Amino acid sequence: MKWVFLFIGILFCFYTLPAQQRFVIEKANISFISKAELEVIKASSDQIQGLLDPSTNKFAFSLKILSFNGFNSGLQREHFNEKYLESERFPTASFSGKIIEEIDIRKDGTYNVRAKGDFEIHGVKQTRIIKSKLSISGGKVSIDTNFIVPLSDHDIMIPKIVGQKIATEIEVTFNATLVLK
Amino acid sequence: MRISIIFLVFFSISFFTSAQIPFFQKFGLPNKNEKTDIHVLFQDRNGFVWLGTGVGLYQFDGFSFSHFTSKDSTLGNHITAITQDSLGRIWMGHSSGQLSYLEGDSIKIFTTPEGNAAAEISDILFDSKGILWFSTLKDGLYYFNHSRLYRLDEENGMPDLYIYDIEESSDGKIWAGTDRGIAICDLRGNQTNIQIINQKQGLPDNIVRKIKFKNSRFIWLGTQDAGVIQYDVEKKQFTSASLNWPYGTISDLLIKHDQLWISSNKNGIVMIDSKNLDRIHKFSTEGSDQALLLDQEGGVWMGSKSGLMRTSGTEISFLEKLGQDIDQNIIAITIDHEENIWFSTRDGLFKMEKKNNVYEREKLKKFPFINSQVISLHTDSLGYIWAGTFGNGAWHLNPNGEVKHYFKNELRNGNILSILSKGNNIWFATLEGATQIKVQGNHYEIKNIGSKEGLSSDYIYQVFLDSKNRAWFATDGHDIDMLDRAGIHHFKLGEKPKVVYGFTEDGDHTIWVNVQGDGLYKFTQDKFSSLKNLRNNNIYSLNTNSSGNLIAVHDLGIEVFDFRKNRSKLFGEEMGIINRKGNLNAIAQNQTGEVFIGTENGIVKYEASYAAIAENTPKPFIRKLKAGKNIFHAANNLSLAYDDNDITINYLGFWYQNPEKLNYQYKLENFDRYWINSKNLEATYSRLPPGEYTFHLRVSDSNDFQNAAETKVEFKINLPFWQQPWFYMLAAVFVIASAYLYIRLREQKLRKEGYILKLKVNERTKELQMRNEEVEAQSEELQAQASEIQMMNEHLEELVKKRTEELERKNEALEEYAFINAHKLRSPLASILGVVNLITKLPQTPESQECVDHLKKSADALDEVVTSITRAIQKGNRN
């Protein structure tokens, strides 16, 4: 019988699996949009690292918050990093977990799956189920998904005065191509 | 024959949809300022309802809440699972991964040498073998057996570590709903065999959040996205309740008879009938992800962030949203054969079309007599609608609203108070007698009957046609008339004439009467007799439901009376029937047995959930017994000291549907002679004399205690110790013992003394013996001496005799001698002495002189001797 820290153990094993067994990100893009009454904030990043283990259907993705670009202005980017996401304190966002559906990632096809795992941003973890489209062809896995992040879920405080500039929920779009390495 | 005028009625569809909503009672938790998020609800075997919240554990008894929290910061007060063990203790699972249990008023942490789970506890249970199981969100399944904690994870074959729910099947296996299907764990000894049911087996959704066993064959599964699924264990088949489940993730399920209650995150509470999966009832309650609980009374509880709610069931529901634009006072009601509801208010006649179990209201706007007030409605056996007005006659309508015929002039009176029919035989009750209409196709045969024709009154409330084709007339103040083939018969209800509102015929074909203000009368043996079986006698409408039971709408609500068992159930306040007084004879039934009642505040629906009335009674519970300063919780057979005789017993009745309505009766056996009625939750007895007592408690939601459940607590007040038999015995024993001891001691002492004495005696005896012997010896000696002395004496005497004789002889000899001496001796001597004296005178020579002197002296001496001898002899003679 295994005891309490087994989960960490599993994650550890997962990260140290033999290289030929894993899909890793070849290219990826994540973008978000906050549609507030007075202001629309959007930005995107391609600095995403990620792994997908076809034997267990477990995955892990991480992203440097500071890599977000494409804000309307430098000031907006500064506010985003300093005031809201506190990127110095919480430099990364991550999502790691498992695919619920019983699919074989090594076989070609298109699947609508649910990815369940811990979504961490601003230092606050939430268990999320994110619906995604997985297209597998020629040994490549493409992931397409979009989801909502309620800011309150992650203790991201918005001063009342700028409430009209930042939506309480932001929409995130993510797509990536992974290759077996 | 009159030509029937065909009117076309136009419906104007107003978009008022009406779901049927049962009454949900809301409970306010004591901490009003604090956000209390209820995660789990549980009812223990006693009847208490327990709430696991984000701020600790709450206990609810229907009257008040008790709050339990832990001060341990690692344990926390975020309670996510509750169960009860075989000893009756409440166990809790915490979001911290720890388990705890309630002992007395304090929360104790359950510790194992193996530690705790690393994630939130999602469920706990004690299986039929008593093994504690608990599941976690992200840390697998655990069980505690033989004082050791075991964990089942992917290596043991668990499909996933994220487990939402665990349930034990009838064969003792643990079913776990996980993120990747169902794991069925079979624990045999220390071997666990895990079987998995997932998408590969056809499970529509891998995320199984809730498992409920309907029976050993059918299992309801609540899933993340695919709604509820019924799994047939035998056929290994899955049936979805709805192909496109629109209500979101299922967080809880509850089975109540044939109903499946579902807590969803998009629509609050949804209920489906497992006999008819298409009939989905949405109860648009506040809050999502509600925890559900079915209590022992059959009530359904819901707990969430928005608080705590309970409904007593779906027997009574309300057609909400008739539309705010119209008056809610429903004067008349009928249900057509398509289950559409026709009702009238002062704003007109309306039809509610039933679509997908929801009613859509339409107003029959261009009704020919828009200004007429419809006061009676009826659906005949062919499904046609009859609408009677106040003063303007009546219509015969097609189910689609088309007017088949309008009756006005043919009627003696245009005020149609009620319409009832049997087959093609229609009867109107009017303010001028009754009108009988026989329908033959488009031909109507009309006959008016009133006081002229022999009725007791012209004011008729209802004409009822029974199974024997008799027509019963409810008169206004003139009791009852009956028309059969023989004619009109009059029946008196009592001394004073009464107002009769209506009739019904029960499942055994007995006629029952609704008498104004006087309750029910029953027709047996050609007589009406009053029966005060109901809780209220102001009945507005009376009907019989599909199971043959009577339904009476009265001041307290809707009372269903099972005349066969003489038992009734009232659906009143607790079902939300408040300020909803029924209107006179505004009652209708559809073909499936649902009863609709027109009230002054909307339409109330009654649907018997089972053929019989649920036999639930309030459950009495003795909470504690206070004796002097001692408090005993749920104890029995107490033995109390003689001075702990001020007794206070705290009790309550579990009756969550309406605890305030409870009446209690108690009796202290051996003290009270009669039952004592009470509304209090406590009974006090002061200075009870010593004795054995049994406190009986019964509780009823009415004043009738015949079927009331009873509980008791036995206790004994002991005699003061000095009056106790044991004390007497002890005292007796003490006395006997001390006497015995005294005797023993004395005896011992005596024995000791005796011994000493004996020793002394022995000594003495010995001594004496010795002395004796000595004495004996001496005495022997003495005896010997004595005999010797005797002998000697005897001899002595002889001797003395002899000697005396001898002495006498000697004496005689001596005397003779002395005589001789004295007399014979003296004469020679006296001659010598005379010669000597003559010589002395002759001259002598010196020499011859001396010789002569000497001779004289000797002769003198001899003379003296002879004289003394003579004297002695003389003396002896004298002696």
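## An enclosed strand in chain B

In this predicted model, strand E39 (residues 403-407) of chain B is largely enclosed by the rest of the structure, because four of its five residues are buried. Its pairing partner is strand E38 (residues 394-397) of chain B, which runs antiparallel to E39(B) and is joined to it by four bridges. Within this pairing, B:Trp395 has B:Tyr406 of E39(B) as its bridge partner.

The connection between E38(B) and E39(B) is a hairpin with five residues between the two strands. In the turn of this hairpin lies B:Gly401, whose phi is positive, at about 105°.

## Nonpolar cores

The largest nonpolar core holds 201 residues, and the members that touch the most other members are B:Leu41, B:Ile333, B:Val513, B:Ile597 and B:Ile603. Strand E44 (residues 460-465) of chain B supplies the largest share of this core, namely five residues. A second core of 22 residues is separate from it and includes B:Ala627, B:Phe654, B:Trp655 and B:Tyr666. As a general background to such groupings, nonpolar side chains in soluble globular proteins tend to be buried together.

The surroundings of B:Ile603 can be listed in detail if residues up to four places away in sequence are left out of the count. On that basis, B:Ile603 touches B:Leu319, B:Leu322, B:Ile330, B:Ile333, B:Ile341 and B:Phe343, and also B:Phe596, B:Ile597 and B:Gly598. Two of these contacts, B:Ile333 and B:Ile597, are named together with B:Ile603 among the core residues that touch the most other members.

## Two open sheets in chain B

One open sheet of chain B consists of four strands in the order E4-E5-E6-E7, and its pairing is antiparallel. Its edges are formed by strand E4 (38-43) and strand E7 (65-68) of chain B, each of which pairs on one side only. Neighbouring strands of this sheet are turned against each other by 20° on average when direction is ignored. At one edge, E4(B) and strand E5 (residues 49-53) of chain B are paired in the antiparallel sense over five bridges, and B:Gln43 has B:Val49 in E5(B) as its bridge partner.

Another open sheet of chain B contains five strands in the order E61-E67-E66-E63-E64, and here the pairing is mixed. Strand E61 (638-640) and strand E64 (676-678) of chain B are the edge strands, each pairing on one side only, and the twist from one strand to the next averages 25°. The edge strand E64(B) is paired with strand E63 (residues 663-669) of chain B in the antiparallel sense over three bridges, with B:Gln665 standing opposite B:Asn677 in E64(B).

## Chain A and its strand E1

Chain A has two helices and nine strands, and from the N terminus on its elements follow the order α-β-β-β-β-α-β-β-β-β-β. The chain comprises 181 residues, of which 24% count as buried. Among the contacts in chain A with a separation of 6 or more, 59% are between residues 24 or more positions apart.

Strand E1 (residues 23-35) of chain A takes part in several pairings. With strand E9 (residues 169-180) of chain A it is paired in the antiparallel sense over ten bridges, and A:Ala28 stands opposite A:Ala176 in E9(A). E1(A) is also paired with strand E2 (residues 40-45) of chain A, again in the antiparallel sense, over six bridges; these two strands form a hairpin with four residues between them, and A:Phe32 stands opposite A:Ala43 in E2(A). A further antiparallel pairing, over two bridges, links E1(A) to strand E3 (residues 48-53) of chain A, where A:Leu52 in E3(A) is the bridge partner of A:Phe23.

## B:Ala859 in helix H2

Is B:Ala859, a residue of helix H2 (residues 846-878) of chain B, buried, exposed or partly exposed? B:Ala859 has 16 C-beta neighbours inside 10 Å and therefore counts as partly exposed, since a residue needs 20 or more to be buried and 12 or fewer to be exposed.

When residues up to four places away in sequence are not counted, B:Ala859 touches B:Leu829, B:Ile832, B:Leu833 and B:Val836. By contrast, the C-alpha atoms of B:Ala859 and B:Tyr164 are separated by 183 Å, the two residues being 695 residues apart along the chain.

Definitions and conventions
Residues numbered from 1 in each chain as written. Chains lettered and ligands numbered in written order. Predicted model: local features only at pLDDT ≥ 70, side-chain atom pairs only at ≥ 80, totals over all residues. Core = buried A, V, L, I, M, F, W, Y, C linked by C-beta atoms within 7 Å. Contact = placed C-beta atoms within 7 Å. Pairing = 2+ DSSP bridges. Axes fitted to C-alpha atoms, helices over the stretch in contact; angles between N-to-C directions.
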